[in-house]
Amino acid sequence: MNRVLSFFLFFLLLIACSNNNITNIYNVLDYGAVGDGVTDDAVAIQRTIDACNAAGGGQVLFPTGYVFMSGPVELKSNIDIHLAVESKWLANPDESIYHLSAFGENRGEGMMWLYANGAENLSISGKGTIDGNGVAFMGAELEDSYELKPLADPSFDPRPHVLTLTDVKRLSIKDVTIQNGAYWTVHLIGCYDALIDGISLKNKLKIRNGDGIDIDHSKKVRIANCFIESGDDCICLKNRREFEQYGSCHDIVVTNCVMTGRSCAIKIGSENMDSIYNVLFDNCIITASNRGLGIQNRDEGTVTNVMFSNIILDCRLFSDVWWGKAEPIYVTSYPRAVGNHKDAGWRFPKGATEGKCGDVSEIYFTNVKCYGENGCFIGGDVKGKVHDIYLNDVDIVLERKTEYDLGVYDKRPCVGEGFVKGRVYGLYVDNADVVNVDRLSVRLKSSFPADMYAGKSNQK
C-alpha cells in the first residue's frame with residue numbers, strides 16, 4: 001500500500017512540475033508573432049520578452065519550424081531565450097530601421113539588432129539559429145571580400161551587430177547556431193560571469209569586420225567547445241574607449257575551440273585603453289587563417305599574464321584587405337596610426353590626435369604546432385615595451401600555399417611603415433627584451449622556396 005501511495009504522490013509531483021514549467025514558457029506565437037520569414041515580428045517578440053520579465057522570468061520560446069524575421073529587440077533579466085531545433089531568428093534586411101548605436105555616441109561602427117543593457121540571469125539556448133542576414137547589408141562580392149556599401153553619412157553605419165550585451169551579469173549562451181553577421185557577432189561589454197559553450201558561429205568569410213566573439217572590458221568569462229568561422233577575428237579581447245567606465249578585461253578562459261578566420265583567429269587588441277590580464281587559451285585548433293595567435297597592442301593599455309597552450313594552427317596569406325601576413329605567433333606594441341579610422345576621435349584619448357602604446361609582458365606559448373607561410377613576429381616601437389615573452393616547444397612547418405609575396409610581417413595599424421619586408425625567419429624580433437626560447441624548431445616542406453628562408457631567428 002505504501003508503494004502505491006508513494007507512486008501516486010510522485011505522479012502528482014510530476015504533474016505539478018510539468019504545469020509549473022508550462023506556466024513559465026512564453027511562446028512568441030501566443031503574443032502575435034507570425035514566423036513566416038517576411039513579417040517583421042519585432043513588436044510581438046518584444047511583447048513576449050516584456051511579459052516574461054514582468055512575471056519574474058521564464059523561457060521565451062521560438063518554436064520549431066518557423067522563421068521569425070525582426071528588427072531590433074531588447075533582451076531582459078531572468079529570461080532564457082530558447083530557439084527550438086529548426087527555428088530561426090532572422091535580422092530584417094531593411095537598413096533604415098537600425099538606429100541604436102552599438103558604440104554609444106560613436107555611430108560610425110554599426111547599430112544594434114539584439115541587445116541587453118544591465119540585465120541579470122540572461123541565457124540564450126537551444127538548437128535553433130540566430131541569423132544576422134549579413135550579405136543583405138553588403139555591396140558587390142569581390143574575389144577576396146564583399147565591398148562595403150558607400151555611406152551617405154560617414155559617421156553613421158547602419159550595419160547591425162548581432163548580439164550586443166552590455167553590463168550583463170550571469171550570462172549564458174549555449175548550443176545555438178549564430179551566423180551571417182553583418183558586423184560584429186557576439187559582443188560582451190562590461191559583462192561579469194559569462195559562459196559561451198558549444199555554439200556554432202558561422203559567418204561569411206568574405207564579410208569584413210565580421211568578428212566572432214568580442215570580449216570587451218569584461219571579467220570572469222569562459223568560452224568552451226565552440227566552432228567559429230569568421231571574416232575577421234574569431235575571438236578578440238579588448239578595451240574599447242567608448243566603454244572605459246567598465247574598467248579592465250581579465251580572468252578569461254578559452255578552451256576546446258576550433259576556428260577559422262580571415263584576420264587573426266585569436267587576438268588581443270587592437271583597441272585597448274585599459275589593461276588585459278589573467279587570460280588562458282588552451283586546447284584549440286586554428287585552420288586556414290591569416291594569423292594565428294596575436295597580441296596587437298595599439299593603445300595605452302597593457303597586456304600581461306597571458307598563456308597559449310596545446311594549440312595546432314594553420315596559417316596562409318590573404319590580400320591586404322585583411323590585417324596579418326600568416327604569422328602563427330604575433331606579439332606587438334606599436335603606436336596606432338594617426339587617421340587610421342574615419343573618426344579618429346574615437347581612437348585616441350579625448351583631445352588627442354595621436355596616441356601611445358602600453359607594455360606587453362609575461363606572455364607564454366607552450367606546445368604550439370604551426371603550419372603555414374610565415375614565421376613568428378615579436379616587436380615594439382622602442383626597447384622594453386615588449387618584454388618577458390616565453391616560447392616553449394613551438395614547432396613551425398613552412399609550406400607554400402598561395403601566390404602572395406613571402407617574407408612580409410604586418411605591423412598595421414601603426415605609425416610609419418606598416419610592413420617589415422625581407423625573408424622568412426622562424427622568429428623575427430624587433431625591439432623586444434627578454435624573449436626566452438626553449439625548443440623552437442623550423443622545418444621546410446618541399447613546396448617552400450629555400451631561398452626565402454633566412455634562418456631560425458633574427459633579432460634587431
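The second largest pocket of this predicted model has a volume of about 440 Å³. Its lining takes in 25 residues, and those nearest the centre of the pocket are F103, G104, E105, E242 and F243. Three elements give two or more residues each to this lining: strand 8 (101-103), strand 9 (106-117) and strand 12 (160-166). Strand 9 hands over the largest share, with four residues. Sorted by class, the lining of the second largest pocket comes out at 12 nonpolar, seven polar and six charged residues.

Turning to enclosed space, a search of the whole structure turns up one cavity of 30 Å³ or more. About 50 Å³ of space sits inside the largest cavity. Its walls are made by N239, R240, R241, E271, N272, M273, D299, R336, W346 and R347. Charged residues make up six of this lining, alongside two polar and two nonpolar ones.

Strand 30 (residues 376-380) is worth a closer look. Five of its five residues are buried, so the strand is largely enclosed by the rest of the structure. In a regular strand, side chains alternate between the two faces of the sheet. Here C376, I378 and G380 point one way, F377 and G379 point the other way, and all of them are buried. As for neighbours, strand 28 (residues 329-333) runs parallel to strand 30 and is joined to it by four bridges. Strand 34 (residues 424-430) is also parallel to strand 30, again with four bridges between them. G379 takes part in both pairings: T332 has G379 as its bridge partner in strand 30, and G379 stands opposite D430 in strand 34.

The backbone has a few oddities too. A cis peptide bond links G269 to S270, with omega about 0 degrees, and S270 belongs to strand 24 (residues 264-272). Another cis peptide bond joins R412 and P413, where omega is about -10 degrees. P413 lies in the loop between strand 32 (408-410) and strand 33 (419-421).

Two asparagines also show positive phi values. For N283, phi is near 55 degrees, a positive value in a residue other than glycine; this residue is found in strand 25 (residues 275-289). N283 has a relative accessibility of 38%, so it counts as partly exposed, a class that runs from 20% to 50%. N367, likewise not a glycine, has a positive phi of about 55 degrees and is found in strand 29 (residues 360-372). With a relative accessibility of 28%, N367 counts as partly exposed.

Definitions and conventions. Residues numbered from 1 in each chain as written. Predicted model: local features only at pLDDT ≥ 70, side-chain atom pairs only at ≥ 80, totals over all residues. Heavy atoms only, no water. 1 Å grid on protein atoms, 1.4 Å probe; cavity = no way out; pocket = protein on both sides within 12 Å on 5 of 7 lines; lining within 4 Å. Points joined across faces, edges and corners; volume = space filled by probe spheres on them. Nonpolar A, V, L, I, M, F, W, Y, C, P; charged D, E, K, R; others polar. Buried < 20%, exposed > 50% of the residue type's maximum accessible area, 1.4 Å probe, protein only. Pairing = 2+ DSSP bridges.
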